[in-house]
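Trainee: I am new to this structure and would like a close look at a single part of it, set against the whole. Could you take me through one buried region slowly, with the terms explained as they come up?

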Amino acid sequence: MLSAKMEAALNAQINAEYYSSYLYLSMSAYCREMNLEGFASWLRIQADEEMIHAMKIYDFVHERSGRVTLTAIDAPPTEWESPLAVFEATFAHEQHVTALINKLVDLAISESDHATNSFLQWFVNEQVEEEASADAVLQKLKLLANAPGGLFMLDRELGLRPAATPPAPAT
Ligand code: FEO
């Protein structure tokens, strides 16, 4: 059984994951508008992954006999200065999400909620990858700053990202 405080914190994280999805989808639309189809595809797949993260928490709350409460998702920005600015924002956002996950772990530990702590370790590990993949693109964009032709090569590379695979639905 989840405590009321843990339940509220997990519900807030469901909202944060959906906001992340909305943010990346907005970035994807911006890149698509710029005819950067590979960037748009990478970000759309990222948006799909965030919905998978949200649903993992949604299922976990139910498994622990908690109540899922969905709340309004904030509107994301719709404009950025450049693809570089998009990935600066992506990397910063993932660092923010890591901080949110760490706070959830702190709460689970403070409540001796070992099951939630164990569940959250998947997210702790996932955040290492999330930050690394955003930073990898960001570093490449920084290298390309003075070579616009390179943007098209990177666009092609990002277009190769495979689709996100949802986990099997909870029973
Ligand atoms: Fe759900 Fe990108 O963290």
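Mentor: Contact, a word needed throughout, means heavy atoms within 4.5 Å. The model is a predicted one, in which local features need pLDDT of at least 70 and side-chain atom pairs count only at pLDDT 80 or more, while totals for chains, interfaces and linings use all residues. Residues are numbered from 1 along each chain as its sequence is written, and side-chain values use heavy atoms, with hydrogens and water left out.

A brief view of the whole helps to place the part. The chain has 5 helices and 0 strands, where helices (H or I, at least four residues) and strands (E, at least two) are DSSP runs numbered from the N terminus. With a radius of gyration of 17 Å, close to the 16 Å that the globule rule gives for 171 residues, the chain is as compact as a globular protein of that length; the radius is taken over C-alpha atoms, and the rule is 2.2 Å times the number of residues to the power 0.38. Along the principal axes, the C-alpha atoms fill a box of roughly 55 × 25 × 25 Å. Of the 171 residues in the chain, 44% are buried, which means under 20% relative accessible area, whereas exposed means over 50% and partly exposed lies in between (1.4 Å probe, protein chains only). Among contacts between residues at least 6 apart in sequence, 81% join residues at least 24 apart.

The part I would choose is the surroundings of S28, which lies in helix α1 (residues 4-33). S28 counts as buried because its relative accessibility is 5%. Leaving aside neighbours within four places in sequence, S28 is in contact with A40, L43 and R44. One link is polar: the side chain of S28 reaches the backbone oxygen of A40 at 2.6 Å. A polar contact is a pair of N or O atoms within 3.5 Å; within protein, one must be able to donate a hydrogen and the other to accept it, and residues adjacent in sequence count only if both atoms are side-chain atoms. S28 and F39 are 11 residues apart in sequence, yet 6.9 Å apart in space from C-alpha to C-alpha.

The partner helix, α2 (residues 37-63), has 27 residues that should span 39 Å at 1.5 Å a residue, and its end C-alpha atoms are 39 Å apart, which agrees; the expected span is 1.5 Å times one less than the number of residues.

From L43 the picture widens, as L43 touches Y24, M27, S28, C31, V86, F87 and T90, not counting residues up to four places away in sequence. L43 is also one of the residues that touch the most other members of the largest nonpolar core, which has 23 residues; the others are M27, C31, F39, W80, V86 and F87. Such a core is a set of buried Ala, Val, Leu, Ile, Met, Phe, Trp, Tyr and Cys residues joined through side-chain atoms within 4.5 Å. Helices α1, α2, α3, α4 and α5 (148-158) each supply at least two residues of this core, and its largest share, 6 residues, comes from α1. Apart from it lies another core, of 18 residues, among them L10, V68, V97 and A108.

A second buried polar residue also meets α1 residues. H93 lies in helix α3 (residues 83-110) and counts as buried because its relative accessibility is 11%. The side chains of H93 and S20 are joined by a polar contact of 2.8 Å, and, beyond neighbours within four places in sequence, H93 is in contact with Y19, S20, L23 and Y24.

For contrast, consider S65, found in the loop between α2 and α3. With a relative accessible area of 55%, S65 is exposed, and its phi is near 60°, a positive value in a residue other than glycine. Most residues other than glycine have a negative phi.
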